[in-house]
Every structure is written in C-alpha cells, then in structure tokens.
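This report goes through selected features of one structure, from a pocket to strand pairing, cysteines and individual residues. The sequence and the coordinates come first.

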Amino acid sequence: MRGAMIYAPGDIRFETLDDPKILHPTDAVIRTAVTCVCGSDLWPYRGLEPTESPHPMGHEYVGFVEEVGSEVTAVRPGQFVIGSFATSDSTCANCRNGFPSNCLHREFMSTCQAEYVRIPNAQGTLVAADGVPGKELWPSLLAVSDVMGTGWWAAEAAEVKPGGTAVVVGDGAVGLCAVIAAKEMGAERIIAMSRHASRQKLAREFGATDIVAERGEEGVARIKELTGGIGADSVLECVGTGESMQQALHSARPGGNVGFVGVPHDVAVDGQELFFSHVGLRGGPAPVRRYLPDLIDRVQSKRINPGKVFDLTLPLEQVAEGYRAMDERRAIKTLLTP
C-alpha cells in the first residue's frame with residue numbers, strides 16, 4: 001500500500017509501505033475511505049516535537065472493514081466504521097468510568113494517512129455506521145473520529161450548560177468544532193477568539209454569537225468587557241500553547257471552568273494563581289469513543305456538519321501539500337482521498 005511518512009521537520013513523503021496485517025486477535029484492518037491532516041500533526045512537522053527516525057503519520061480515519069481478528073465480533077468485513085484516535089477495549093476500569101482514551105490497553109493511532117490501516121483493540125474502538133453513508137457525510141464522520149469529539153470534550157470539561165456563556169480559544173478545526181459542541185449543549189452566548197476572516201465566518205455559521213480578534217491580555221480584557229467585567233462561565237482551550245492557556249484561565253469567571261484539549265507545549269500553570277482564581281481546570285486526550293454513537297447519529301441525521309472544517313481536499317498522494325497548506329494557514333484542515 002501507499003502512505004505518508006515523516007523524515008524530518010517539513011519533510012513528508014508519500015511512499016510504498018508494507019500492507020497492514022492482523023497481528024493480534026483483537027485487531028481489524030480497514031480500507032481508508034477518507035483521512036486527513038490534523039493540527040497536532042503540525043507539531044512534529046514544525047520541529048516542535050522530535051522526529052528521531054522516519055515513521056508513519058495520521059490518527060483520524062473512517063473506512064471499510066477488510067478483515068477482523070478472531071476475537072472481534074462488534075464489526076464485520078464490508079461495514080463502514082468510525083473509530084477514535086486512541087484505541088480502547090471498552091472493558092477496563094477506565095473505559096467503564098467513561099475515559100476510554102485512558103484505557104489500560106490504549107494505543108494511539110499513528111498510521112492513518114494511508115490506504116489501509118490496522119486498528120488495535122477493534123472490538124472496543126470501532127463503531128459501524130448505519131449502512132454505508134453517502135459520500136457527502138464522510139468528511140463529517142471523519143471529523144467525529146477526532147476534532148469533533150475533541151471539541152465536544154472541551155465543552156464537557158468546561159461544563160458548558162444551557163443559558164451559559166462559553167469562550168472558545170483557538171480557531172482551528174478543534175476550536176470550530178468546540179463552537180458546535182457549545183451550541184449543542186445549549187450555551188446562550190458563544191464567543192470565538194479568532195483573527196482570521198474565513199474562520200470567523202465559519203465560527204458564526206456554527207453558532208458563535210461574538211468574535212474577539214484580540215489575543216493575550218488584550219483578548220482577556222475584551223472578554224471581560226463582554227461579560228460585565230466578570231469573565232465567562234466556560235472557556236474551551238483548543239490550542240495548547242502557554243499563551244492560549246493563560247488567555248483561557250484569565251477569561252474564566254471565579255467559579256467558572258476551563259476545558260483544555262490542545263496538546264500542551266511549553267504550558268505552565270501557576271498553582272497560587274489557580275488556587276485564588278476559583279477556576280476549575282480539566283482536560284486531556286478526548287474520550288472520543290464514549291461520544292461516537294451520539295455524534296455519528298447527529299451527523300447522519302444532519303443535525304451537525306463538522307465536515308465543513310475541511311476547506312482543502314487533495315488526493316492522498318499530495319499529502320505533503322496538505323501539510324504545507326495548513327502550516328502556512330492556507331487551509332484550516334486538509335481532507336485526503338485515497
């Protein structure tokens with residue numbers, strides 16, 4: 001098969017790779033329907049995470065089951081399936097407690113920008129769609145495998161409630177999906193922090209009521225101005241930098257909550273400051289598998305359309321251009337078609 005490999009910062013290659021095989025009875029192999037580039041893929045692409053040796057890339061996927069191991073009964077060959085970027089057995093204590101992304105047998109997917117993918121823990125990880133969805137739904141179902149599920153977790157972790165005020169820090173695909181989540185959870189006011197016109201437009205389409213273009217302390221001051229000097233009930237941090245975390249913490253009201261889902265890079269939280277702020281802080285890898293049945297239903301019923309975050313579609317063989325476009329902010333998120 002063919003798939004993407006990273007060799008060094010800025011060096012993505014599309015190569016012939018070994019076909020994936022069933023290695024364990026809990027595995028499945030799928031034929032990729034569509035895949036994509038994630039904002040978090042840009043960390044190694046930009047050299048902010050080390051690439052010690054060439055390795056495959058990609059952790060978002062939907063596709064058709066080709067083969068299953070002997071212990072996999074939840075899905076069968078031919079079915080169209082969606083899974084999470086973090087695999088899970090759905091039986092361990094952490095899974096039962098609602099955190100499958102911290103499964104005791106978790107494996108993070110990392111080979112999905114390819115024509116075929118091996119899925120570990122397939123029994124607990126994969127969810128079959130209702131039949132074969134129309135191709136127009138594939139981008140949104142792909143979004144559910146990570147960015148929509150992660151945006152949902154941001155809203156849940158920040159305890160978005162009906163009638164509340166939510167601030168979304170970050171206008172990438174996760175941040176835009178977090179706007180959808182905040183709206184679905186009933187937030188009355190949704191403030192999207194964005195400096196890019198195309199992303200502002202999509203945020204409003206997804207449900208944002210206000211846009212704040214300022215960053216840092218200026219952005220915090222604007223949030224305070226919009227909330228009567230108090231701050232927001234819920235803040236959804238969807239970037240992962242030190243600046244975005246500080247912006248999020250300072251934008252929350254006393255007693256408010258911050259949900260942080262951006263993978264942290266150079267983030268430090270001052271314990272004294274957090275203590276006296278009365279702000280709650282929760283985050284981590286999104287428990288996407290917990291949300292899959294609900295989010296798949298919302299997509300298939302056309303209640304939500306997170307696939308709109310894909311504003312560039314390329315054949316999989318042009319994956320390197322997909323990375324460049326996102327790195328240069330010419331695209332929010334690149335959809336790749338095998």
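## Second largest pocket

The second largest pocket holds about 220 Å³ of space. The model in which this pocket is found is a predicted one. The lining consists of 18 residues, and those nearest the centre of the pocket are Pro-56, Ser-110, Thr-111, Val-117 and Arg-118.

By residue class, the lining of the second largest pocket splits into 12 nonpolar, three polar and three charged residues. Strand β7 (residues 116–119) gives the largest share of this lining, with three residues.

## The open sheet β2-β1-β4

An open sheet is built from three strands in the order β2-β1-β4, with antiparallel pairing. The edge positions are taken by β2 (11–16) and β4 (55–56); each has a single partner strand, so one side of each has no neighbour in the sheet.

Strand β1 (residues 2–8) is joined to β4 by two bridges in the antiparallel sense. Met-5 has Pro-56 in β4 as its bridge partner. Pro-56 is also among the residues nearest the centre of the second largest pocket.

On the other pairing, β1 and β2 run antiparallel and are joined by six bridges. Here Ile-6 has Ile-12 in β2 as its bridge partner. The two strands β1 and β2 form a hairpin with two residues between them, and Gly-10 in the turn has a positive phi of about 80°. As a general point on strands, side chains in a regular strand alternate between the two faces of the sheet.

## Two parallel pairs with crossovers

Strand β13 (residues 252–260) pairs with strand β14 (residues 280–283) in the parallel sense, over four bridges. In this pair, Phe-260 stands opposite Gly-283 of β14. Between the two strands the chain passes from β13 through helix α10 (residues 271–277) to β14, a β-α-β crossover that is right-handed.

β15 and strand β16 (residues 334–337) run parallel and are joined by four bridges. Thr-313 stands opposite Leu-335 in β16. The connection from β15 to β16 goes through helix α12 (residues 319–327), and this β-α-β crossover is right-handed.

## Cysteines

How many disulfides does a search of the whole structure find? The number is zero. For Cys-36 the closest cysteine sulfur is that of Cys-38, and because the two sulfurs are 6.8 Å apart, they are too far from each other for a bond. A disulfide would need the two sulfur atoms within 2.5 Å. Cys-112 is likewise in no disulfide, as the nearest cysteine sulfur, that of Cys-36, lies 8.9 Å away.

Is Cys-36 buried or exposed? Its relative accessibility is 1%, so Cys-36 counts as buried. Cys-112 is buried, with a relative accessible area of 0%.

## Positive phi in two loops

Most residues other than glycine have a negative phi. Asp-266, which is not glycine, has a positive phi near 55°. Asp-266 sits in the loop between β13 and α10, that is, within the β13 to β14 connection that runs through helix α10. With 80% relative accessibility, Asp-266 counts as exposed.

Lys-302 is likewise a residue other than glycine with a positive phi, near 65°. The loop that holds Lys-302 lies between α11 (288–300) and β15 (312–315). Lys-302 is exposed, with a relative accessible area of 60%.

## Two C-alpha separations

Val-144 belongs to helix α4 (residues 138–144). Because its relative accessibility is 0%, Val-144 counts as buried. The C-alpha atoms of Val-144 and Gly-83 are separated by 8.5 Å, with their positions 61 residues apart along the chain.

Ser-277 is in helix α10, the helix of the β13 to β14 crossover. A relative accessible area of 23% makes Ser-277 partly exposed. From the C-alpha atom of Ser-277 to that of Ala-320 the separation is 44 Å, while the two residues are 43 residues apart along the chain.

Definitions and conventions. Residues are numbered from 1 along each chain as its sequence is written. This is a predicted model: local features need pLDDT of at least 70, side-chain atom pairs count only at pLDDT 80 or more; totals for chains, interfaces and linings use all residues. Side-chain values use heavy atoms; hydrogens and water are left out. On a 1 Å grid over the protein atoms alone, a cavity is a set of points where a 1.4 Å probe fits but cannot get out, and a pocket is an open set with protein on both sides within 12 Å along at least five of seven lines; lining residues have an atom within 4 Å of a point. Grid points are joined across faces, edges and corners, and a volume is the space filled by probe spheres set on the points. Ala, Val, Leu, Ile, Met, Phe, Trp, Tyr, Cys and Pro count as nonpolar, Asp, Glu, Lys and Arg as charged, and the others, Gly among them, as polar. Buried means under 20% relative accessible area, exposed over 50%, partly exposed in between (1.4 Å probe, protein chains only). Two strands pair if DSSP finds at least two bridges between them. A crossover is right-handed if, with the strands pointing away from the viewer, the path from the first strand over the helix to the second runs clockwise.
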